[in-house]
Every structure is written in structure tokens, then in C-alpha cells.
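I opened a new notebook page for this one. The plan is to look up how the chains meet, then follow a few residues.

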Number of protein chains: 6
Amino acid sequence: MIVRFERLAVELPPPSTPDPDGASVVQELMGGKFGELSTFMNYTFQSFNFRDRQKARPFYDLIANIAAEEFGHIEVVAATINSMLTGVSTVGQRARPGRPPARGRPAVPQHPPVDLGRPGALPQNSNGDPWTGEFVNATGDLVQDLVHNYFLESGARREKLRVYEAVDHPAAARLTGYLLVRGGVHQVAYAARWRT
Amino acid sequence: MIVRFERLAVELPPPSTPDPDGASVVQELMGGKFGELSTFMNYTFQSFNFRDRQKARPFYDLIANIAAEEFGHIEVVAATINSMLTGVSTVGQRARPGRPPARGRPAVPQHPPVDLGRPGALPQNSNGDPWTGEFVNATGDLVQDLVHNYFLESGARREKLRVYEAVDHPAAARLTGYLLVRGGVHQVAYAARWRT
Amino acid sequence: MIVRFERLAVELPPPSTPDPDGASVVQELMGGKFGELSTFMNYTFQSFNFRDRQKARPFYDLIANIAAEEFGHIEVVAATINSMLTGVSTVGQRARPGRPPARGRPAVPQHPPVDLGRPGALPQNSNGDPWTGEFVNATGDLVQDLVHNYFLESGARREKLRVYEAVDHPAAARLTGYLLVRGGVHQVAYAARWRT
Amino acid sequence: MIVRFERLAVELPPPSTPDPDGASVVQELMGGKFGELSTFMNYTFQSFNFRDRQKARPFYDLIANIAAEEFGHIEVVAATINSMLTGVSTVGQRARPGRPPARGRPAVPQHPPVDLGRPGALPQNSNGDPWTGEFVNATGDLVQDLVHNYFLESGARREKLRVYEAVDHPAAARLTGYLLVRGGVHQVAYAARWRT
Amino acid sequence: MIVRFERLAVELPPPSTPDPDGASVVQELMGGKFGELSTFMNYTFQSFNFRDRQKARPFYDLIANIAAEEFGHIEVVAATINSMLTGVSTVGQRARPGRPPARGRPAVPQHPPVDLGRPGALPQNSNGDPWTGEFVNATGDLVQDLVHNYFLESGARREKLRVYEAVDHPAAARLTGYLLVRGGVHQVAYAARWRT
Amino acid sequence: MIVRFERLAVELPPPSTPDPDGASVVQELMGGKFGELSTFMNYTFQSFNFRDRQKARPFYDLIANIAAEEFGHIEVVAATINSMLTGVSTVGQRARPGRPPARGRPAVPQHPPVDLGRPGALPQNSNGDPWTGEFVNATGDLVQDLVHNYFLESGARREKLRVYEAVDHPAAARLTGYLLVRGGVHQVAYAARWRT
């Protein structure tokens with residue numbers, strides 16, 4: 001069971017210039033194969049399926065605690081996307097003089113070209129493809145899981161760096177900085193455990 | 001952010017006769033379109049994207065709190081599946097005299113026909129198809145979300161009844177009884193809110 | 001535009017012994033890659049996209065008319081599945097004395113093990129996988145479309161024969177007999193046209 | 001069974017300036033989760049599976065008649081897309097002096113950058129992802145189906161407004177105006193029925 | 001470029017008792033997430049994308065050579081499946097007296113319940129789900145690729161053992177014995193390289 | 001079994017101006033429905049499943065030999081994509097003065113906006129969707145397979161022409177020229193065989 005607090009893991013800067021294209025890129029950190037939903041769900045299912053918890057208590061605690069932290073990560077990724085979408089669009093945008101009509105599709109189609117009560121963050125990657133349970137590996141073998149998690153965190157680090165490079169928005173910068181630090185800690189933790 | 005406790009939302013009976021076929025059916029309550037991952041993720045993303053929380057505080061609290069409770073539901077579904085799989089299989093099963101070899105595929109292929117450190121619960125439905133972010137609807141319109149959630153809980157109730165009828169195992173009976181009560185509360189809560 | 005009549009393309013025998021397993025097999029004729037939804041949607045989109053209809057009138061008429069007939073085919077496949085599911089299950093099935101509990105999953109999970117107001121036919125194949133627009137080929141080249149349609153009808157014929165062999169139920173026999181005749185006509189028509 | 005007429009539900013303006021990007025956006029009304037293929041197929045399968053039609057005649061007629069009308073909607077969406085693609089591209093486009101080469105991918109890859117006998121409309125959304133039978137809900141419970149259909153029409157309305165805002169082409173304007181009126185009628189009809 | 005020889009990597013026993021259920025299980029070694037198509041395609045794409053081959057020659061050779069060997073593995077898996085399907089079914093099976101009709105679906109629906117010129121092996125797993133390019137990881141970072149490949153081979157080993165336990169057929173026994181030896185060599189090779 | 005040589009089927013021009021957008025388009029020739037992975041895998045599985053090879057030797061040889069050649073095609077498509085990506089991006093790109101930051105997503109998200117040891121070619125189409133085993137048809141009927149292959153090569157030709165028109169890069173021009181010639185030979189070969 002969990003208790004949920006209405007507080008973000010890291011304080012984001014207040015909404016500034018809207019950046020819907022950047023928000024689409026940040027979706028990769030939410031629903032991409034190496035995004036935070038993948039880390040959250042991988043560790044959560046590994047902890048659910050952990051047998052003999054008493055005999056391998058430090059390993060169980062490691063995985064279960066990182067899983068809980070990852071919930072905070074999808075929360076802050078969502079908050080970043082919503083921040084970047086704040087003020088993005090208004091009904092009547094098409095008719096507004098002095099700027100071109102909103103034309104073509106937004107990068108993630110569910111992001112708003114016009115303000116019709118649309119969502120912000122979604123369980124999708126930057127290509128608009130939904131996250132899938134196929135991304136979860138819970139092998140039932142502790143060593144294999146740890147090797148896998150190290151590989152997953154390495155891929156997550158790569159994606160965070162790519163988003164950091166590709167997006168120029170204060171909220172995204174704050175997000176990627178935070179996630180890089182936390183993911184680095186997890187990567188080291190998994191590697192250290194698995195080599196023992 | 002969340003704090004996670006190592007305690008199930010409902011106490012399950014101790015592992016008894018293994019029932020891998022039944023465990024496959026219970027997977028529908030985990031990763032099916034109307035399973036607990038769907039309710040968990042729908043309400044979680046709706047709460048992430050909720051703007052103007054102060055102005056609509058009771059609605060935000062309703063959705064965010066049910067989302068948090070749903071984490072406990074996927075946890076107890078996983079525990080049920082793992083309980084039903086306890087003792088299911090052993091290496092050498094094929095050679096055991098006096099019973100037919102394990103042949104053919106298990107209903108969910110990732111469930112163990114032989115004990116090779118395989119996982120228990122997975123983010124899949126009873127057909128072995130992975131859960132997908134496509135199942136999440138976060139429309140950005142509060143009334144629409146509440147209508148949707150009422151429909152989702154209705155479908156979830158239907159699946160729970162079907163599993164209750166189809167599976168004859170103490171852990172599954174305990175699980176479905178518990179989920180039916182909680183889901184009924186949620187269904188009424190969404191309906192009550194949305195008609196206001 | 002269409003006008004829809006409440007009449008089946010072929011009269012089915014009245015519901016007899018329920019056969020949920022057979023109904024699952026018949027789903028292949030609905031939502032399989034070579035099922036009737038595939039023929040219906042392929043010819044419908046080819047007719048939608050047909051340019052210069054006046055210059056190639058007989059070809060347009062051929063494709064558009066077969067498309068319209070295919071709607072009647074998905075309708076009769078659905079009626080067959082529903083006939084085979086009639087009387088299949090009741091609430092309380094588990095407790096009924098003198099017979100084993102319904103256990104394990106039905107072949108198509110959406111088909112009812114217990115009668116909870118469940119649907120009959122669905123846009124899925126016999127494996128429970130949803131039909132997808134990926135199965136539609138509308139190349140924009142008339143000759144290529146005709147070659148494709150000949151191939152599609154050949155595959156459809158193969159599936160109908162397989163279902164005929166695998167299912168022993170009066171409604172399924174009537175269905176496959178009817179579809180084999182009509183599909184054979186279409187196959188010949190596409191081949192004749194494309195060789196001209 | 002159906003009879004098909006070669007007439008559109010609404011008269012479109014004659015082809016004007018080609019707009020392939022806009023056509024990609026309009027694809028959302030064809031094959032998106034809330035597009036016209038979804039409404040067509042949802043109501044069609046609900047009508048196929050409707051038991052006891054005599055006892056609930058007005059409800060059956062409502063669903064079956066709207067289903068039939070929806071076929072006309074996918075037809076007119078297809079005609080709009082084809083109109084917007086008319087004259088879009090020619091072989092040799094790359095060499096045409098005075099304008100940049102066609103570079104990068106078209107938004108829906110199957111739409112033509114060059115005129116090679118390519119299709120127009122396809123069963124896909126604006127992201128190029130195929131429509132899937134997963135989008136169909138036929139619960140077998142009349143009240144649930146009506147709640148679902150109300151939610152579906154609400155989502156469809158949202159998408160139509162978004163396309164109206166995002167695309168500036170006479171055919172698209174005519175299409176969205178027409179669909180908004182008809183969808184609004186259906187939305188009200190489902191809501192009225194379900195509250196009875 | 002490749003040169004292909006008509007010779008299997010391991011000699012299979014001659015076709016014996018047909019075992020279509022077992023053949024369905026063996027499909028996991030073909031198109032499962034940890035099947036031979038996955039190893040073949042992962043190493044092939046990693047070798048395609050390998051830059052600076054001269055500077056890291058032994059690593060390139062390792063990956064490219066194992067990739068080539070994996071082609072032989074999908075070939076022998078296919079031969080095993082075809083061997084297990086030899087003699088499986090005949091037209092008229094339904095009418096054969098003294099045995100029950102072929103009823104229900106075969107585990108992989110494309111496998112033949114009746115002999116209608118149906119294929120043997122397909123790029124699918126034991127659940128009938130198609131192999132997907134999503135299973136390929138080519139990170140562009142040599143160390144990450146090697147860690148990944150070690151994890152992939154570990155999962156492949158697990159699946160081979162499971163198939164060995166679950167299927168009791170001479171061809172499958174020969175296949176799994178062979179693959180376990182070769183996969184073990186690859187696993188060690190990747191681990192040795194990556195720790196250097 | 002195969003022997004693999006480190007030599008491309010056609011010599012590509014040396015890397016010149018990077019063209020990541022063009023590389024995304026070329027991905028259609030790799031992992032699209034009518035791409036080279038589809039031809040490679042279709043013919044490979046048809047050859048694997050070919051029974052009675054001695055009785056139909058010329059047909060077996062035709063399919064098996066083209067399958068082997070197609071491996072060389074995916075190899076040269078990959079080399080083209082990697083050539084077009086050479087020099088594309090560097091870490092620190094965002095900070096480079098005098099040019100706008102890299103913003104928005106690359107057309108295929110896995111292609112590098114920044115140089116982080118990212119892969120080149122992947123088993124995906126130009127829309128970033130993974131290749132799937134669903135694209136393989138191995139009917140088990142020789143004539144049907146030949147008709148199918150003729151249709152597949154026709155679609156492949158269409159895609160090659162579209163890429164030729166849409167991309168203006170020396171490596172892509174060399175690639176499409178080569179593939180058009182080879183695909184044309186295969187198309188004629190299948191047509192000739194199937195009409196015998």
C-alpha cells in the first residue's frame with residue numbers, strides 16, 4: 001500500500017514560455033522504452049514477485065524503495081510537461097491576426113493545438129506510441145533482474161541526456177538535471193548489488 | 001510523491017493448492033483493459049493533469065485518493081497470482097512418474113510450467129497480451145473524465161464477477177470479494193460526483 | 001451512404017447446442033488477417049479512394065459492390081457466433097452440482113464463461129487479437145489492388161475451409177458453406193478483371 | 001445487409017489548393033480512437049450482438065440506425081482527405097526549379113510526397129497508427145453501452161473541434177461542420193436514452 | 001552479403017509422431033522476446049551500426065559472427081517445428097470415426113488443424129503474437145550492447161530450458177540441447193568481452 | 001546455414017553532408033511493410049517451410065536464393081542510413097553559437113539529435129513503428145506465395161520510387177537505384193514462375 005503526498009520530488013520553475021514541441025520530446029522520459037514509467041513498472045513488478053523477502057532483505061528493500069521513488073519521477077515528468085503546455089493554445093487561435101494558423105499535427109497528437117480541455121502528460125513516448133507492458137522484465141532471477149536494471153538505467157540516462165540537449169526550457173532543464181542525478185544513483189546501486 | 005508500506009490492502013489466505021490456470025485468469029484483473037492497472041493509471045494521469053486544483057478541490061481529492069488506493073489493488077492482485085503459483089512446478093516435472101508430462105503451453109506463457117526462477121504477476125491480461133497506455137483516457141475535461149471513470153468501473157466490476165465465477169481458489173475468492181466492494185464504492189463515487 | 005436492412009444474407013439454423021470453443025474459432029472469419037472485416041475494409045477503402053470512376057466504371061462497380069456485400073458477411077459471421085454462444089452460461093455456473101466448475105480461460109477471453117451481459121462477436125481473431133487497419137492495402141494502383149484482392153480471397157478461402165474442418169456446429173457449417181461460395185465468386189471476379 | 005448508394009452525406013466543395021499536412025490531421029477523424037471508424041464499428045458490433053430486439057426495439061433501432069449513418073461518415077471523411085490530396089504531387093517534384101525539394105517524411109507516411117498511384121484515406125489516425133478493434137466496446141449490457149457511446153461521442157466532438165481549429169481548408173471546414181452537427185445529435189440521443 | 005548453404009546446423013531426427021501442441025511451444029524459441037529471431041536481429045543490427053570497425057576489430061567480429069550463426073538457429077528452429085507438424089493433419093479429419101472431432105483452436109492459430117497447404121514455422125511466439133522490432137536494442141554504445149546481449153542470452157537460456165521441460169518430442173530435445181550449448185558459449189563470450 | 005562476408009552488395013559514395021531527415025525516410029525501405037526486412041523475412045520463412053524440395057527444386061532455389069540476396073539488401077539499407085547520419089550531431093550542439101538549438105523530435109526518435117553513442121539503422125519504418133512478423137505471409141501453397149511475392153515486390157518498388165523522389169542525398173540515390181534494379185528482377189521472376 002502507499003500513501004500519496006501532494007508534493008513534487010523537485011521544485012519546478014513557474015510556467016514560462018509555452019513549448020509544446022519540447023513537451024512532446026519530454027514525453028520520451030514518460031512513456032519511452034527507457035522512460036520513467038518503464039523504471040517504475042519494472043521495479044514495482046519485480047518487488048511484487050519477490051519471494052523469500054526475509055532471506056534477501058537488502059535486495060528486496062533496494063528494489064521496492066527505488067520503485068516507490070520512481071512514482072515520484074513519473075509525477076514530476078508529468079508536471080514538467082504540463083508546465084510546458086501551460087498557456088499553449090486558445091480556442092480561436094486560427095483567427096488570431098499577425099501569426100500563422102496552427103497547421104499540421106502536433107508532435108504528440110494528443111497535445112493541444114487548441115485549448116479544448118485537453119490532457120497534458122500521457123503514457124506515451126515522444127512518437128505518440130503508448131507505453132506497453134512489453135517493456136517490463138521480471139525474470140524471477142535476482143541476478144538477472146539486477147543486470148537488466150543496470151541496462152535499463154543506462155538507457156534511461158542516455159534518453160535524459162538527449163532530452164537535455166534537445167529541449168531548451170527551464171522546466172525541462174530542471175527535470176533532466178534532477179533525473180540524471182537520481183538515475184545515476186540507481187545505476188550504481190544496481191551495479192554494486194549485482195556484482196556482490 | 002508516495003510512501004510505500006510493505007502491507008497488503010487485504011489479508012490473503014496462505015498458499016494452498018497451486019492453480020496456474022486460475023492464475024492466468026486472474027491476470028485479467030491485472031493487465032486487462034478493465035483491470036486494476038487501467039484504473040490505477042487512468043486516475044493517476046487524470047490527477048497529474050488536473051489544473052486549478054484549489055478551485056475543484058473535492059474532485060481532485062477524489063481522483064487522487066482513488067488513484068493511490070488502486071496501487072494497493074495491483075499489489076494485491078499480484079500477491080494473489082503469486083500465491084496461486086506457489087509450488088506450481090519443479091525442474092524435472094517431465095520425468096516424474098505416474099503423471100503425464102507437462103505439455104502444451106501454459107495459458108499465459110510467462111507463467112512457469114517448470115520452476116526456472118520465473119516471475120509471477122506481469123502487466124498482461126489473461127490472454128498474455130501486454131497492458132498498454134492506449135487504455136488510459138485523460139480528456140482534460142472533468143465531467144468527461146468522471147463519465148469515463150464510471151464506465152471503467154462498470155467494466156471492472158463485470159470482469160471481477162467473471163473471474164469470481166471462473167476461478168475456484170481461496171486466494172482468488174478473497175481477492176474478488178475485496179475488489180468488488182472497493183470498486184463498487186468508486187463506481188458510486190464517480191457517478192455521484194458527475195451528476196452534481 | 002448506405003441503407004441497412006434487418007435481414008441476414010443467409011438464413012441460419014435456430015440456436016442449438018452452445019459451442020463457445022467453436023465460436024472462438026469462428027472469430028477468425030471475423031477479425032483474422034484474412035477474415036471478413038479485412039475483405040470489407042480493403043474493398044471499402046479501395047472504393048473510397050477510387051479516382052476517375054467514370055473512366056473505369058466497371059472496375060469501380062466491382063469493388064464497391066463487393067465491399068457492400070462484405071458488410072453482410074461480417075453481419076452473418078456475428079450472427080453465427082452469437083448463435084453458438086446462445087445458452088452458453090449462467091450466473092451461478094460454478095455452484096451447479098454434477099458438473100465441474102468453469103475453470104481456465106475461454107479461448108477468446110471476451111466470450112462468456114458466465115452470463116454477465118457479455119458481448120458475442122468482436123473485431124478480433126481466434127487468438128483474441130484485435131483486427132487492425134494494418135490489414136488494409138489500398139495501393140492507389142488498380143492492377144495492384146486487384147492482384148492483392150485475389151491473394152486476399154485465396155487466404156480467406158483457406159481460413160473458411162479450416163474453420164469448416166475444425167468446428168462441428170450447424171450454424172458454423174451453414175456459414176462456411178455460404179462464405180465459400182461467395183468468396184469463390186469474388187476470387188474469380190478479381191482474377192478475371194486483373195488479367196484483362 | 002446493406003444497399004450502398006454512390007452519394008455523399010454532404011456535398012463537399014470542389015478540390016482546391018492541395019493540403020497534404022491538413023489531410024494528415026483529418027486522418028484523426030477517420031482512424032483515431034475517437035474517429036468515425038470507431039463510432040461506426042462500436043455501434044455496428046453493438047447492433048450485431050443485440051439480443052431480444054423485439055423487447056427493446058427503440059434501443060436497437062437507435063443503435064443500428066446510427067451505425068448505418070456512421071458508414072456515411074467514414075465515406076465523407078475519406079472524400080475530404082482525397083479532395084485535400086488532389087493535385088498534391090507529381091513525379092519529378094524533386095527537380096522542379098524555384099522550390100525546395102520534397103524532403104522529410106509526410107506526416108502520414110502513406111500520403112504521397114510523389115504521385116505514384118498512392119492511396120488517399122487509410123484506416124489510420126493522424127499519427128499514422130492503424131485503427132484497431134481494441135477501440136470497440138460492446139459490453140452486452142445496454143445501459144453500459146449507452147454510457148460508453150455518450151463518452152465516445154464527447155471525445156469525437158473534441159477531436160472535430162481540434163481539427164476545425166488546426167486545419168484551414170474548405171473541404172475540412174465543410175466536413176467538420178457537418179460532423180459536429182450529426183455527432184451532437186447522437187450524443188444527445190444516447191444521453192436521453194440512457195437516462196430513461 | 002551472405003552465402004547460404006542448404007544444410008542445417010544440427011542434424012534432426014527424422015519426423016516421428018506429430019506434435020502440434022509441442023510445435024506451438026517451440027515457437028517461443030523462434031519469435032519470443034528471448035527467441036532466436038531476437039538474438040539474430042539484435043546482433044545483426046548491432047553489427048550493421050558498428051562504427052570504427054578497425055579500431056575495435058575483435059568486438060566487431062564477435063558480434064558479426066554470432067549474428068551469422070544465429071541465422072542457422074532460426075533455420076533449425078523452423079526445421080524442428082516443421083518436423084513436429086509433419087503428418088499432423090488431413091482434410092477429412094473431422095469425419096474420421098473413432099476419434100473426437102478436431103475442435104477448438106490450435107495453440108498457434110496458423111498451425112494446421114487440417115492440411116490445407118498451411119505453413120509451418122512463423123515469426124511468432126508460443127502465444128501466436130508476432131515478433132516485433134521492438135525487441136531489438138542497438139544502443140550505439142559497445143559496453144551497453146554487450147551488457148544487453150548477456151541479459152538476452154540469459155533469458156534465451158531460460159526459455160530453452162522451459163521448452164526442454166515442457167515438450168517431449170525427439171526433434172525438440174535435439175534442438176534444445178543444441179541451442180543450450182551454443183547459447184551458453186555466446187553468453188560467456190559477451191560476459192568475457194564486456195568485463196574487459 | 002550462412003557464411004557472411006564483410007562486403008556490401010553495392011558500393012556507396014563516401015559520407016557527405018549529414019541528412020538525418022532523409023535517413024528517417026530511408027527507414028521505410030528497412031522496416032516498412034514493403035521494406036527489405038519484409039522481403040527478407042517473407043522469402044526466408046517460405047524457404048524454411050518448403051516441403052518436397054526435390055520435386056519443386058527450381059521454385060525452392062528461386063525463393064531461397066532471393067531470400068539470401070535480401071540479407072544483402074537490409075545490410076546496404078543500414079549502411080546508407082548510417083552514412084546519412086555520419087557527422088550529424090555532437091554533444092554540446094545546443095550551446096553552439098550562431099545557430100538555433102536542436103529542438104523538437106527527430107523524425108525517427110531513435111536517430112540522434114545529439115551524439116550519445118546512438119544507433120543508426122533500426123528495424124522500424126519511417127514513422128518510427130517497429131517491423132512486425134505480421135508482415136510475413138507464408139501460406140504453405142506455392143502458387144499463393146508466388147502471387148503474394150509479386151504483390152510485395154510491386155509495393156516495394158513503389159516505396160523505392162517514393163524515397164528516390166523524397167530524398168536528395170548521394171547515398172540514398174545510389175541505394176534506391178540499386179534496389180530498383182534488383183527488385184524489378186525479383187518481381188519479374190515471381191511473375192514468370194507463378195504463371196507457369
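I call it a salt bridge when a side-chain nitrogen of Lys or Arg is within 4 Å of a carboxyl oxygen of Asp or Glu. A reminder to myself before counting: this is a predicted model.

**Entry 1: chains D and C**

I started with the salt bridges. Across the interface of chain D and chain C, I get four salt bridges by that rule. I looked up one of them: D:E6 pairs with C:R57, with N and O 2.9 Å apart.

Next came the polar contacts. Between chain D and chain C I count 23 residue pairs in polar contact, both residues being at pLDDT 80 or more.

Which elements of chain D supply at least two residues each to the side that touches chain C? I find β1 (2-4), α2 (36-48) and α3 (57-85). The largest share comes from α3(D), with 11 residues. Sorting the residues on that side of chain D by type, I get 28 nonpolar, 11 polar and 10 charged.

Then the extent of the contact. I note 49 residues from chain D and 49 residues from chain C. The size of an interface is often given as the accessible area lost when the parts come together. Here chain D and chain C bury about 4,200 Å² between them. Carbon and sulfur atoms carry 59% of that area.

I also checked the strands. Strand β1 (residues 2-4) of chain C and β1(D) run antiparallel and are joined by three bridges. To pin down one pairing, I looked up C:R4, and its bridge partner in β1(D) is D:I2.

**Entry 2: the symmetry of D and C**

What turn lays chain D on chain C? I get 180 degrees, with a shift of 0.0 Å along the axis and an RMSD of 0.0 Å. That is why I write down a two-fold axis for this relation. Within chain D, the C-alpha nearest the axis belongs to D:T132, at 2.2 Å. Of the contact residues of chain D, 100% recur in chain C, and the same surface serves both copies.

**Entry 3: chains B and A**

I turned to the other pair and asked for the symmetry straight away. A rotation of 180 degrees, with 0.0 Å of shift along its axis, superposes chain B on chain A at an RMSD of 0.0 Å. Which residue of chain B comes closest to the rotation axis? It is B:T132, whose C-alpha is at 2.2 Å. I see that 100% of the interface residues of chain B are also interface residues in chain A, so the copies meet through the same surface.

For the contact itself, I note 49 residues from chain B and 49 residues from chain A. The area buried between chain B and chain A is about 4,200 Å², and 59% of it comes from carbon and sulfur atoms.

How many salt bridges cross this interface of chain B and chain A? The rule finds four. I looked at B:E6, which forms a salt bridge with A:R53, the closest N and O atoms being 3.6 Å apart. I also get 23 residue pairs in polar contact across the interface of chain B and chain A, both at pLDDT 80 or more.

On the side of chain B that touches chain A, β1 (2-4), α2 (36-48) and α3 (57-85) each supply at least two residues. Of these, α3(B) gives the largest share, 11 residues. By type, the residues on that side of chain B are 28 nonpolar, 11 polar and 10 charged.

The strands here are β1 (residues 2-4) of chain A and β1(B), which pair in the antiparallel sense over three bridges. I picked A:I2, and its bridge partner in β1(B) is B:R4.

**Entry 4: inside chain A**

Over all chains I count 36 salt bridges by this rule. One that I followed up joins A:K160 to A:E36, at 3.9 Å from N to O. A:K160 lies in helix α4 (residues 142-166) and A:E36 in helix α2 (residues 36-48), so the pair ties together parts that are 124 residues apart in sequence.

My last residue was A:E69, in helix α3 (residues 57-85) of chain A. What does A:E69 contact, leaving aside its neighbours within four places in sequence? I find A:Y178, A:R182 and A:H186. The side chains of A:E69 and A:H73 are joined by a polar contact of 3.1 Å. For A:E69 and A:V25, I noted 23 Å from C-alpha to C-alpha and a separation of 44 residues in sequence.

Terms used. Residues are numbered from 1 along each chain as its sequence is written. Chains are lettered from A and ligands numbered from 1 in the order in which they are written. This is a predicted model: local features need pLDDT of at least 70, side-chain atom pairs count only at pLDDT 80 or more; totals for chains, interfaces and linings use all residues. Side-chain values use heavy atoms; hydrogens and water are left out. Contact means heavy atoms within 4.5 Å. Buried area is the accessible area (1.4 Å probe) that two parts lose on being put together, summed over both. A polar contact is a pair of N or O atoms within 3.5 Å; within protein, one must be able to donate a hydrogen and the other to accept it, and residues adjacent in sequence count only if both atoms are side-chain atoms. Helices (H or I, at least four residues) and strands (E, at least two) are DSSP runs, numbered from the N terminus. Ala, Val, Leu, Ile, Met, Phe, Trp, Tyr, Cys and Pro count as nonpolar, Asp, Glu, Lys and Arg as charged, and the others, Gly among them, as polar. Two strands pair if DSSP finds at least two bridges between them. Copies are superposed by least squares on the C-alpha atoms of residues with pLDDT of at least 70 in both.
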